Amino acid sequence: MTTRVGKIAQLPKEIRDQLNQRLQNGKQGPEILAWLNQLPETKKLLAEKFDATPISKQNLSEWRRGGYEEWLRFQERQLRIQRITEEGVCSMRQEDRCDDDLFEHAGRIALAELMAEMDSLHELKPDDRFKRLRTLTSELSRLQNA
């Protein structure tokens, strides 16, 4: 994950989350910028660190390609873990195993994490991608054998 230093990245997490939700819901740039630039927290940050220069279309565009994309990947990862965990609990209940076996549950979470790592392979250079894939498949094999 990249450390971000732009105007939007320095806003409080709650505001960044609200911004990301608005982007996900299809809100357009002008509406988002009007909302974002009028917030007291934004005004304070901009006055302290950016000579009171408002957040621009360019700032928002850079956020969409960076911080927002990271946020989307994080949301997808969380949903995957939740789905795999819930499927595991449901299958245990169907098998009258309501004790929620800790190791089975942990294995499902580990599997979800491995799958999320595989999703991020596209970000690597070809040689690094192959090395990382070999490591991940090895881990997957160890998990399956455990």
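**Close-up views of the nonpolar core and helices H2 and H3**

**View A. The largest nonpolar core of the predicted model.** This core comprises 19 residues, and those with the most contacts inside it are Ile8, Leu19 and Leu36. At least two core residues are supplied by each of helix H1 (13-24), H2, H3, helix H4 (57-65) and helix H5 (67-94). H2 contributes the largest share, four residues.

**View B. Surroundings of leucine 36.** Neighbours within four places in sequence are left aside here. Leucine 36 is then in contact with Ile8, Leu11, Ile15, Leu19, Thr42 and Ile55. Of these partners, Ile8 and Leu19 are named, together with Leu36, as the residues with the most contacts inside the core.

**View C. Asparagine 37, a buried residue of helix H2.** Asparagine 37 lies in H2, which spans residues 29-38. Its relative accessible area is 19%, and asparagine 37 counts as buried because the cut-off is under 20%. Apart from neighbours within four places in sequence, the contacts of asparagine 37 are Thr42, Lys43, Leu46, Pro54 and Ile55.

**View D. The two faces of helix H3.** In H3 (residues 40-49), Thr42, Leu45 and Leu46 are buried. Viewed down the axis of H3, these buried residues fall within an arc of 95° and therefore line one face of the helix. They pack against H2. Exposed residues Pro40, Lys44, Ala47 and Glu48 occupy the face of H3 turned away from the buried side.

**View E. The residue aspartate 51, just after H3.** At this position, aspartate 51 adopts a positive phi of about 50°.

Conventions: Residues are numbered from 1 along each chain as its sequence is written. This is a predicted model: local features need pLDDT of at least 70, side-chain atom pairs count only at pLDDT 80 or more; totals for chains, interfaces and linings use all residues. Side-chain values use heavy atoms; hydrogens and water are left out. Buried means under 20% relative accessible area, exposed over 50%, partly exposed in between (1.4 Å probe, protein chains only). Contact means heavy atoms within 4.5 Å. The arc is that of the directions from the helix axis to the C-beta atoms. A nonpolar core is a set of buried Ala, Val, Leu, Ile, Met, Phe, Trp, Tyr and Cys residues joined through side-chain atoms within 4.5 Å.
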